[in-house]
Structure formats: structure tokens, C-alpha cells
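Here is a short report for a first look. Please keep the model open while reading.

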Amino acid sequence: MRHPIRTSAQVGAALAAGLLLAGCADAEPMPEIAQGPRPTAAPATDAPAAAPHRTVGGPGSACALPVSFGVAEKWTPKAVEDPENPEFAALTRQGPATVRCEVDAEPAGHVGFLRVWTAGKGPARTALEGFVKAARNTSDVAYREGGSGAGPVTEVTYTVRDELTEESKEERAFAVTTPKGTVIVHLGGLDTAEHRAMVPAYELARTTLRAL
């Protein structure tokens, strides 16, 4: 059995490993524009519409989740193996939440994961506060209320002091309440620079989120 994914306090090789099962990637062909008569009033911003994003969480996707959301290009979603196994509780549990899925950023050139956790029924804010409190060496914790395709969410940004590198890095997460319980989507990263570079994938997940 391969080892489960690491918690947000671990970086480097731990971030690049994780317990993953399946994934996919898409290609986006760009049509070439043929020369012709000079347009008279065509808008310069008339570009092809963005291709539909792959999703995770729905029927037939890599992870069975109470929600679905869009996955950034080349990011690879994979389910976490045996997350309920008590032998690995220190790695698959964080506060009230159990990790179910990780979306690997390495194929897109980053070191980090977008991880999806589930908790029991109750307020999203309560579950998210418990999740953050269970992380070690946190500071600069800031909560705010926001929105998503699945309804209101609670978001948090915070700083984690890494025990291995003795450096601090940014992390963030959002939580949403669904009829099947609370879902927490967390973005870590090797360091703050990597984290910030991956924020667009996090925002894509939040804005395309749908309850199932």
C-alpha cells in the first residue's frame, strides 16, 4: 500500500508525493487565422471562448465528492487511498476533516496540491476553524465570508511556520456546507511564491463549485 498524502505542514518532496490513484489532462488546439481583407470594425478583443474546464467530483470523475469543481489545465485529480484507515489518521485527518482527494499541480509546473477534505454536517465556519487550529505553527489567520457556485463560503488565509525549512509560507482554504456535510478545499504549496502562483487554480475551484 502506498502512503497517504502529507498534511499542509510538510513541504518539498512530501508535497510532490501523496497518495494518488488516477488523473487526466487535456490539449487545446488553437486555429490559425488566415490572411484576408482588413476588418473595418471588428473588436480587437474578439478571441475564441475559453475551452470548458475538466471537472472533478461528479459521476465518473477521479474523486467521489459531495461537490464538483473545475480543474486547472494539466492539474491532475486523484483520490486518496483508504483515508479512513486509523493507521494513517495523523496524515489523512486534520481537525474535524478527512482528506478525500488531491489535485496535483506538478504536471502544470508547480510544487503543491489542491486538497479536498470532508467533515460532518454543521456550519462551514466551525469546521474551517477546527481545520486551521489543527495545523501547527500558524499565524496571521484571517477569515472572511465569500461566495461560490455552491452558495456562501467561509474563506481563510494564514501563515504556517515550517519545521523543516524554518521558513514561513502562506496557505488558504475555503469551506462550504452541503447536504452531505462540510467540504474544505485547501491550497498549500512548497513556499509562498509557489502558493501565490497556484491561486488561480484555487479560485477556479471556488467559482465553479457545485453541490451534488
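## Surface, fold and two loop residues

About 10,900 Å² of the protein chain is exposed, and 54% of that comes from carbon and sulfur atoms. Such areas come from the Shrake-Rupley method with a 1.4 Å probe; for residues, only the protein chains shown count as cover.

The model is predicted: local features need pLDDT of at least 70, side-chain atom pairs count only at pLDDT 80 or more, and totals for chains, interfaces and linings use all residues. Residues are numbered from 1 along each chain as its sequence is written, and side-chain values use heavy atoms, leaving out hydrogens and water.

The protein chain has four helices and eleven strands. These are DSSP runs, numbered from the N terminus: helices are H or I with at least four residues, strands are E with at least two. Of the 212 residues in the protein chain, 45% are buried. Buried means under 20% relative accessible area, exposed over 50%, and partly exposed in between (1.4 Å probe, protein chains only). Take the contacts (heavy atoms within 4.5 Å) between residues at least 6 apart in sequence: 57% join residues at least 24 apart.

Most residues other than glycine have a negative phi. Lysine 74 is not a glycine, yet its phi is positive. Asparagine 137 is not a glycine either, and its phi is positive too.

| Residue | Phi | Loop between | Relative accessible area |
|---|---|---|---|
| Lysine 74 | about 75° | strand E2 (67-71) and strand E3 (76-79) | 43%, partly exposed |
| Asparagine 137 | about 60° | helix H3 (124-134) and strand E7 (138-148) | 39%, partly exposed |
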